[in-house]
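User: I'm new to this and would like to learn how to read the empty spaces in a protein. Can you walk me through it with an example?

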Amino acid sequence: MQTATVENSSVESTTTNKRYAGFWMRFWAYVVDLLIVFSINGILLSPFKFINEGNALDIGFWTVTGIIGSIVFYLYFLLMTKKFHQTVGKMILGLKVIREDDEPLRWSDLLFRELVGRFIHRVFSIFAFLYLFVAFTAQKQGIHDMIGNTRVIIEE
């Protein structure tokens, strides 16, 4: 019985020792990530200025550069978070994405967090203000964290 109590208390102490990343740390990490994504898109999309006399190539409602830029944006966040549990901006600020239950991140978690959650924030402009949830929730979760059952912590 005594060992079970010791084991339970050590599990509780490891879960309570997490420091969740607040709004401003996450904001600055996102700004760094946007600079990286915009730079990548600038390099990849600059040849399109020489096609079609500089006019945008339309595919229905969208442009080719808009589609490619969006793919780069979402893939950057999805693949970096899956591989490293963090993007470059989060690496610089010492932040890490974890699952709610401390299990390894699954593709389903990240698809909901990085694709669905970010899509909602970017496409529906009113939902961009919901990112402020990070400042007011106990575990500093944004809507995309809630959708993906993830948390962003400060690495120790």
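User: Let's start on the inside. Which residues line the largest cavity?

Analyst: General idea before the case: rolling a probe the size of a water molecule over the atoms shows where empty space is left. Keep in mind that this is a predicted model. Here, the lining of the largest cavity is made up of Arg26, Ala29, Tyr30, Lys90, Leu95, Arg113, Arg118, Tyr131 and His144. Helix 2 and helix 5 are the elements that each give two or more of those residues, and helix 2 gives the most, with three.

User: What volume does the largest cavity have, and how many cavities of 30 Å³ or more does a search of the whole structure find?

Analyst: The largest cavity comes to about 70 Å³. Searching the whole structure turns up one cavity of 30 Å³ or more.

User: How does the lining of the largest cavity split by class, and how many residues are charged?

Analyst: Four of the lining residues are charged, four are nonpolar and one is polar.

User: Now the pockets. What is the volume of the largest pocket, and which residues line it?

Analyst: A cavity traps the probe, while a pocket is an open set of points. The largest pocket in this model has a volume of about 290 Å³. Around it you'll find Trp62, Thr63, Gly66, Ile67, Ser70, Phe73, Tyr74, Phe119, Arg122 and Val123. Two or more residues each come from strand 2 (62-63), helix 3 (64-84) and helix 5 (107-123).

User: Which element gives the largest share of that lining, and what classes of residue are in it?

Analyst: Helix 3 does, with five residues. By class, the lining of the largest pocket has six nonpolar residues, three polar ones and one charged one.

User: And the second largest pocket: what is its volume, and what lines it?

Analyst: The second largest pocket has a volume of about 210 Å³. Its lining consists of Phe23, Arg26, Phe27, Tyr30, Phe73, Arg118, His121, Arg122, Ala128, Tyr131 and His144. Helix 2 (23-45) and helix 5 each supply at least two of these, with helix 2 giving the most, four residues. Sorted by class, six are nonpolar, two polar and three charged.

User: Where should I look to link these spaces together?

Analyst: Compare the lists. Phe73 and Arg122 line the largest pocket and also the second largest pocket. Arg26, Tyr30, Arg118, Tyr131 and His144 line the second largest pocket and also the largest cavity. Try picking out those residues in the structure and see which spaces they face.

Methods
Residues numbered from 1 in each chain as written. Predicted model: local features only at pLDDT ≥ 70, side-chain atom pairs only at ≥ 80, totals over all residues. Heavy atoms only, no water. 1 Å grid on protein atoms, 1.4 Å probe; cavity = no way out; pocket = protein on both sides within 12 Å on 5 of 7 lines; lining within 4 Å. Points joined across faces, edges and corners; volume = space filled by probe spheres on them. Nonpolar A, V, L, I, M, F, W, Y, C, P; charged D, E, K, R; others polar.
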